[in-house]
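This report describes the architecture of a single protein chain, from its overall composition to selected pairings and side-chain interactions. The sequence and structure are shown first.

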Amino acid sequence: MAPKKRPETQKTSEIVLRPRNMRSRSPRELEPEAKKLCAKGSGPSRRCDSDCLWAGLAGPQILPPCRSIVRTLHQHKLGRASWPSVQQGLQQSFLHTLDSYRILQKAAPFDRRATSLAWHPTHPSTVAVGSKGGDIMLWNFGIKDKPTFIKGIGAGGSITGLKFNPLNTNQFYASSMEGTTRLQDFKGNILRVFASSDTINIWFCSLDVSASSRMVVTGDNVGNVILLNMDGKELVSVPMEPGS
């Protein structure tokens, strides 16, 4: 009798099941599965499986441009959109809105360029504008009345900062190349000089006002920063480091 042939032993092929919704799962959720695959063996095929598993999770995908910035931000939050694609979406959204922008009104009261602007804190249609010649205009573009105009000194009087007085919006603070930071009203009256350089070589080039702390801060062109209260009392004067 012919000997019976032994059935050939066949190696069972190993099948790795991956969830269909892998992309919707975070790397932290898939980390245990990847570790199990690595622990089953050290053969090249197993390493490939593990590498392939992580290959789809290596980083967020760059999605095609999306017109909805809300959708783009949502995709970024889910890890499906890279930051460059979010930036591109923001730029496209802004450029898309430019098509609807129109010039509402124009005013040209100055013979030199406008150098500073300040919105009125309570009237959204009112803006104060300063010029290189020291002229200041209060413009309410919501009405047809002629803007309030304060004549400056001309050359050397550039307005470098404008802020409405939060305690009295009929007044404003102004810093200038004339060498002063002052409080005045829209009739042209100077109510108080907060800082003065007394020299043409030093002028004030920045200004801000804090309503909550009732402080005024101004800086000059040689690096000095002066903090004052709204009564005009100097509290701190700090020289900044050269070249800063």
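A residue is called buried when its relative accessible area is under 20%, exposed when that area is over 50%, and partly exposed in between. By this criterion, buried residues account for 30% of the 244 residues in the chain. The model is a predicted one.

**Overall composition**

The chain contains four helices and twelve strands. Its exposed surface comes to about 17300 Å², and carbon and sulfur atoms contribute 55% of that area. When contacts between residues at least 6 apart in sequence are considered, 31% of them join residues at least 24 apart.

**Strand S7 and its neighbours**

Strand S7 spans residues 180-185, and because six of its six residues are buried, the strand is largely enclosed by the rest of the structure. The burial extends to both faces: Thr180, Arg182 and Gln184 lie on one side, while Thr181, Leu183 and Asp185 lie on the other.

S7 is paired with strand S6 (residues 171-176) in an antiparallel arrangement of five bridges. Within this pairing, Phe172 is placed opposite Gln184 of S7. Three residues separate the two strands of the hairpin, where Gly179 adopts a positive phi near 105°.

S7 also pairs with strand S8 (residues 190-196), again in the antiparallel sense and over five bridges. Here Thr180 faces Ser196 of S8. The hairpin of S7 and S8 has four residues between its strands, and Gly188 has a positive phi near 95°.

Gln171 belongs to strand S6 and counts as buried, since its relative accessibility is 15%. Beyond its neighbours within four places in sequence, Gln171 contacts several residues, including Phe164, Leu183, Gln184 and Leu191. Gln171 and Ile190 are 19 residues apart in sequence, and their C-alpha atoms are 9.6 Å apart.

**Strands S10 to S12**

Strand S10 (residues 215-220) includes Thr218. Strands S10 and S11 (residues 224-229) run antiparallel and are joined by five bridges, with Leu228 of S11 as the bridge partner of Val216. Their hairpin has three residues between the strands, and Gly223 takes a positive phi near 100°.

S11 in turn pairs with strand S12 (residues 234-239) over five bridges in the antiparallel sense. Asn224 stands opposite Pro239 of S12. Four residues lie between S11 and S12 in this hairpin, and Gly232 in the turn has a positive phi of about 95°.

**The surroundings of Thr218**

Thr218 counts as buried because its relative accessibility is 2%. Its side chain forms a polar contact of 2.9 Å with the side chain of Thr181. In addition, a polar atom of the Thr218 side chain lies 2.8 Å from the backbone oxygen of Ser206. Leaving aside neighbours within four places in sequence, the residues in contact with Thr218 include Ser175, Ala195, Phe204, Val225 and Leu228.

**Salt bridges**

The structure holds three salt bridges, listed below with the distance between the closest N and O atoms.

| Acidic residue | Basic residue | Closest N and O atoms |
|---|---|---|
| Asp111 | Arg112 | 3.3 Å |
| Asp208 | Lys163 | 3.6 Å |
| Glu178 | Arg182 | 3.8 Å |

The pair of Lys163 and Asp208 links distant parts of the chain: Lys163 lies in strand S5 (residues 159-164) and Asp208 in strand S9 (residues 204-210), 45 residues apart. Lys163 is partly exposed at 32% relative accessibility, and Asp208 is partly exposed at 36%.

In the pair of Asp111 and Arg112, Asp111 counts as exposed, with 56% relative accessibility, whereas Arg112 is partly exposed at 36%. In the remaining pair, Glu178 is partly exposed with a relative accessible area of 41%, whereas Arg182 counts as buried at 7%. Arg182 is also one of the buried residues of S7.

**A nonpolar surface patch**

Phe94, Leu95, Leu98 and Tyr101 make up a nonpolar patch on the surface, and together they have about 410 Å² of accessible area. Phe94 is located in helix H4 (residues 83-98) and is partly exposed, its relative accessible area being 46%.

How values were computed
Residues numbered from 1 in each chain as written. Predicted model: local features only at pLDDT ≥ 70, side-chain atom pairs only at ≥ 80, totals over all residues. Heavy atoms only, no water. Buried < 20%, exposed > 50% of the residue type's maximum accessible area, 1.4 Å probe, protein only. Contact = heavy atoms within 4.5 Å. Areas by Shrake-Rupley, 256 points an atom, 1.4 Å probe, with all protein chains shown as cover. Pairing = 2+ DSSP bridges. Polar contact = N/O pair within 3.5 Å; in protein donor to acceptor, adjacent residues only side chain to side chain. Patch = residues over 30% accessible without salt bridge, like charges linked within 9 Å, V, L, I, M, F, W, Y side chains within 5 Å. Salt bridge = Lys/Arg side-chain N within 4 Å of Asp/Glu carboxyl O.
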